[in-house]
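Got your viewer open? Let's take a short walk through this model, one selection at a time.

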Amino acid sequence: MTTFADLGVDQDILDALAHKGIVDAFPIQEQTIPLSLPGQDIIGQAKTGTGKTFGFGIPVVQRLGAHPEPGVKALIVVPTRELAVQVYEDMDLLTQGRATSVVAIYGGKAYEGQIEQLQAGAQIVVGTPGRLIDLAGQRLLDLSNATEVVLDEADKMLDLGFLPDIEKIFQKVPTVRHTQLFSATMPGPIVALARRFMSNPIHIRANDPDEGLTQANIRHLVYRAHSLDKDEVIARILQAEGRGKTVIFTRTKRAAQRLVDELSDRGFNAGAVHGDMSQEARERSMAAFKAGKKDVLIATDVAARGIDVDDVTHVINHTIPDDEKTYLHRAGRTGRAGRTGIAVTFVDWEDLHKWALINRALEFGQPDPVETYSSSPHLYSDLSIPAGTKGRIVTAPRREPREPREATSSAPREERTRTRRRTDRPAAGDATSTDAAAAPAADGAAARRRRRRRRGGGGASAAGGETAAQA
DNA sequence: AAAAAAG
C-alpha cells in the first residue's frame, strides 16, 4: 500500500492527515499527486467515494508553500453550497499545520463573514459560481493571483447550466496557472471542452476503463413502482435490519418536501435538503444527518454529487434519475471508502425508458424491473445488508390511523387503497420492530406542518394540479 | 423539464 509519505507529501500535511487516521493513499491520489505536485494539469477521474478531494487538495496546499503571502492564491469551484462547506472542511484539515487559511464563498449566507475572511488574507477559496462572481464583480474578491484552479465535479461545472459562469471565472484567473478537473464522470465531449481551460492536461482514470464506473461494493436493486404504494414500500425499507443512514432522492423539490413531511409523520427521523429551503435549514439538515441526529435524508439532486457521509448504507431513488451520470452520483452517496452499500431505485411506469437508458449505459444487464407492492415479502428480504456491515435496527411503528390525506377528487381512490392496505399490513410490532414504547413520540410539529401545507394556497393548488394532470 | 447557482 502506498502512503502519502511515499508520494512526497510535506510532513505537516502528513501530520494533519495522520491526526484523522489517514496514512495510506487511494489509487487516484497515488496516480495524480506525484504529477500534480510539480504542476501538471490533471483531469482526474475515479469512482465515487475514492478520495478525489484529497487528490486535488493536497497538491493545492503544498504548492502554495508553507508561508504563502496573504491573498487568494487558489480557487476551488463546486456545484452546490453544501459541497462548498464539505470541501472547505477538507481543505481546512489539510492546512492545520501551516499558515494558510481557507474560506468558503457561497450564496444564501451573509456576505459579512465571507468578506472579512477574504480581507484577513485567506489564500484558498472554495466556492459556488454565483457568489464568487458576485464578490469578484464588487472587487471584494481578487482572483488575479489564483494560480491554482480546481473544478470539482468538473463535468457538472462544464455543462450547460454552469458553463457561462465558469467561463467568466476563468477570465478572472491568471492564464499561467495550474488547473485540475476532477469527477467520477467525464464524458468524452466534456473532456474535449475541458481542454480549452487547461494546458496539456493528462487524463488519469484510476480504474480500468473496461471495468466501467459502477462501484463493485454497491448492490443495485430496481423495482417497478406502484405509485400509490411507494411511501409504504420506502417505509418498509427504512425498517430493514442493518440499516445505517439512508438518502432518498426525489425529482422535484416539492416531492422531497412532501416525502419528508410524510416520513416524519410516520415517526422517522427524517430531514430534507432542497433548493426551496433556507440555506440555514439546508445546513441544519445536513449537519443533523452527518451527526446521526437524523438517519434519513430526503434530497433533490442538490445532494447527488460529492456529499460524503460515511455511514450511509442505503440510497433510495424515489424517482429514477434522468441519466446514468446522475444515477451513478446518487448511488455513490453510499459505498464510500471501501464500505458496502445498497441502491434501490423505483421506476414509475412513465419512466421505464429512463431505466432502459441507465441499464444499457451502465451495463447492468438487468431484465425489466419487477413490480413491487408493500405486501411483497421478497422486497423486504432482499433488503438485508450483507453480514458484517455495521448498522442499527431502526423502527418506526405506526401511530394512530391518520386522517384522509387530501380533500381532492383523487382522494376516494387513494383512501380505498390505503384502508385495504392498513388491514392486511403486519402489525406495527412485527418481528423486526422493537418495543413500540421505545419509539419516538408522535410529532405534533410535523402534523401541524402538514396541515398548514395542505391549507396553504400553494399546497392546495399543487394537489389540484396533480389531480388534473392524472385525468 | 428539473435542479442548481446571486439577491
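The tour of this predicted model goes from the domains to the start of the chain and then to a pair of helices.

**Stop 1: the two domains.** Colour chain A by its domain assignment: residues 11–211 make up domain 1, and 218–398 make up domain 2. If you place a marker at the C-alpha centre of each domain, the two markers will sit 29 Å apart.

**Stop 2: where the domains meet.** Now select the contact between them, which involves 20 residues of domain 1 and 18 residues of domain 2. Together the two domains bury about 1600 Å², and carbon and sulfur atoms account for 53% of that area. Which three residues of domain 1 supply the most buried area against domain 2? Show Thr-48, Glu-82 and Gln-86 as sticks: they contribute 37% of what domain 1 buries there, more than any other three residues.

**Stop 3: residues 2–30.** Next, pick residues 2–30, which an unreviewed UniProt entry annotates as the short sequence motif "Q motif". The same stretch, 2–30, also carries the UniProt domain annotation "DEAD-box RNA helicase Q", again from an unreviewed entry. In the model, this span is 45% helix and 0% strand, with its end C-alpha atoms 7 Å apart.

**Stop 4: a helix crossing.** Finally, select helix H5 (residues 111–119) and helix H6 (residues 129–137), whose axes come within 12 Å and cross at roughly 65°. The crossing of H5 and H6 is right-handed. Turn on side chains to see Tyr-111, Gln-114, Ile-115 and Leu-118 of H5 meeting Arg-131, Asp-134 and Leu-135 of H6. By type, the residues in this contact are four nonpolar, one polar and two charged.

Notes. Residues numbered from 1 in each chain as written. Chains lettered and ligands numbered in written order. Predicted model: local features only at pLDDT ≥ 70, side-chain atom pairs only at ≥ 80, totals over all residues. Heavy atoms only, no water. Axes fitted to C-alpha atoms, helices over the stretch in contact; angles between N-to-C directions. Helix = DSSP H or I, 4+ residues; strand = E, 2+ residues; numbered from the N terminus. Left-handed = near helix turned anticlockwise from the far one by under 90°. Contact = heavy atoms within 4.5 Å. Nonpolar A, V, L, I, M, F, W, Y, C, P; charged D, E, K, R; others polar. UniProt positions renumbered as here; feature names shortened; annotations may be inferred. Domains from an automatic or database assignment. Buried area = accessible area lost by both parts, 1.4 Å probe.
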